[in-house]
Each structure stands twice: as structure tokens, then as C-alpha cells.
Amino acid sequence: MNYKDLPKCPIETTLKMLGCKWKVLIIRDLLTGTKRFNELKKSVKGITQKVLTAKLRELEELELLHREVYPQTPPKVEYTLTDIGYSMLPVLDALKDWGKDYKKYIRLVEKHRIKE
């Protein structure tokens, strides 16, 4: 990614890095440490192998994760967040907090509707 390709708006830049729920969930799972492909496949529920491969490549291209290939048979590949990838932690924490608050709000709205 080149600087000139980034949007002027910082929020749009962040959204461009994350892009979709799959990237966010991959980053979430890599925040706890290095993972192999199959570990990510199991932890990111609902993702297909093809999509996981594509999103891992995109995250690597964005320099948010590092892909380490070990020359052995069968091949061993591990994925680790880079320092800039780990810097997404506060963003994901904010998303988590907002999601919790929204769920509480919806629960209260539903309880209020039932009483009416």
C-alpha cells in the first residue's frame, strides 16, 4: 500500500484496512499470538478456506500481519501480527465496547416493548 493510495479521511483509511468482518475477526484471533492456518479456520466461524486465504494475503499486503513459511514437508505456515497490526487493539476494544453497549440498549428497548 502506498501513501498516495490512502484516503484523505482517517476513518476511511481505517475502514480500508479492516474492510470486512473477516479481517477484523482474523486480527482479533491473532491478538492472542501466532496461529497456523487451520487454527484460524477453526476460530473464525463461517469463513471458507478460499476467503481466509484471500484475507490473510490482503492483511499481509497491508503489512498488518507477517506470514512465516517453514521449509519442511508438509509445509508449515504461521501468521503473526506485525507491530502495526497489534496497534489495532484499541480499535477492536472500542468496537467490542460499543457492541456490548448496543446489545444492552437493544435488550432494554425489547423489555420496554414487552411492558407496553
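This briefing describes helix packing, the nonpolar core and several individual residues in the structure above. The model is predicted. Helix H2, residues 21-30, is mostly covered, with seven of its ten residues buried. H2 also gives the most residues to the largest nonpolar core of the model, namely five. Both H1 and H4 pack against H2, at angles of about 80° and about 75° respectively.

**Helix H2 and its burial**

- The buried positions of H2 are Trp22, Lys23, Val24, Ile26, Ile27, Asp29 and Leu30.
- Two of these buried residues, Lys23 and Asp29, belong to the charged class.
- An α-helix has 3.6 residues a turn, so residues three or four places apart point the same way.

**Packing of H1 against H2**

- Helix H1 spans residues 10-18, and its axis lies 7 Å from that of H2.
- The two helices, H1 and H2, are therefore roughly perpendicular to each other, given that angles of 65 to 115 degrees fall in that class.
- On the H1 side the contact involves Lys16, Met17 and Leu18, which meet Lys23, Val24 and Ile27 of H2.
- By class, the residues of this contact between H1 and H2 comprise four nonpolar, two charged and no polar ones.

**Packing of H2 against H4**

- The axes of H2 and H4 are 10 Å apart.
- H2 and H4 are likewise classed as roughly perpendicular to each other, because their angle of about 75° falls within the 65 to 115 degrees used for that term.
- H2 contributes Trp22, Lys23, Ile26 and Ile27 to the contact, while H4 contributes Val51, Leu52, Lys55, Leu56, Glu58 and Leu59.
- The contact of H2 with H4 contains seven nonpolar and three charged residues, and no polar ones.
- Val51, a residue of helix H4, is partly exposed, with a relative accessible area of 28%.
- Although Val51 and Trp22 are 29 residues apart in sequence, their C-alpha atoms are 8.4 Å apart in space.

**The largest nonpolar core**

- This core holds 22 residues, of which Ile26, Ile27, Leu30, Leu52, Leu56, Leu65 and Tyr79 touch the most other members.
- Two or more core residues come from each of H1, H2, helix H3 (37-43), helix H4 (49-61) and strand S3 (76-81).
- Ile26 touches Leu40, Val44, Ile47, Leu52, Lys55, Leu56 and Leu59, when residues up to four places away in sequence are not counted.

**Buried acidic residues: Asp29 and Glu78**

- Asp29 lies in helix H2 and counts as buried because its relative accessibility is 10%, under the 20% limit for that term.
- The side chains of Asp29 and Arg28 are joined by a polar contact of 2.8 Å.
- Beyond residues up to four places away in sequence, Asp29 touches Lys35, Leu40, Ser43 and Val44.
- Glu78 lies in strand S3 and is buried, with a relative accessible area of 18%.
- A polar contact of 3.0 Å links the side chain of Glu78 to the side chain of Tyr70.
- Apart from neighbours within four places in sequence, Glu78 is in contact with Thr34, Lys35, Arg36, His66, Arg67, Glu68 and Tyr70.
- Lys35 appears among the contacts of Asp29 and also among those of Glu78.

**Loop positions: Glu63 and Pro74**

- Glu63 lies in the loop between H4 and strand S2 (65-70), where it is exposed, with a relative accessible area of 57%.
- The backbone of Glu63 has a positive phi of about 65°, although this residue is not a glycine.
- With neighbours within four places in sequence set aside, Glu63 is in contact with Thr82 and Ile84.
- Glu63 and Gly33 are 30 residues apart along the chain, and 16 Å separates their C-alpha atoms.
- Pro74 lies in the loop between S2 and S3.
- The peptide bond that joins Thr73 and Pro74 is cis, with omega of about -10°.

Notes
Residues numbered from 1 in each chain as written. Predicted model: local features only at pLDDT ≥ 70, side-chain atom pairs only at ≥ 80, totals over all residues. Heavy atoms only, no water. Helix = DSSP H or I, 4+ residues; strand = E, 2+ residues; numbered from the N terminus. Buried < 20%, exposed > 50% of the residue type's maximum accessible area, 1.4 Å probe, protein only. Polar contact = N/O pair within 3.5 Å; in protein donor to acceptor, adjacent residues only side chain to side chain. Contact = heavy atoms within 4.5 Å. Axes fitted to C-alpha atoms, helices over the stretch in contact; angles between N-to-C directions. Parallel < 35°, antiparallel > 145°, perpendicular 65-115°, else oblique. Core = buried A, V, L, I, M, F, W, Y, C linked by side-chain atoms within 4.5 Å.
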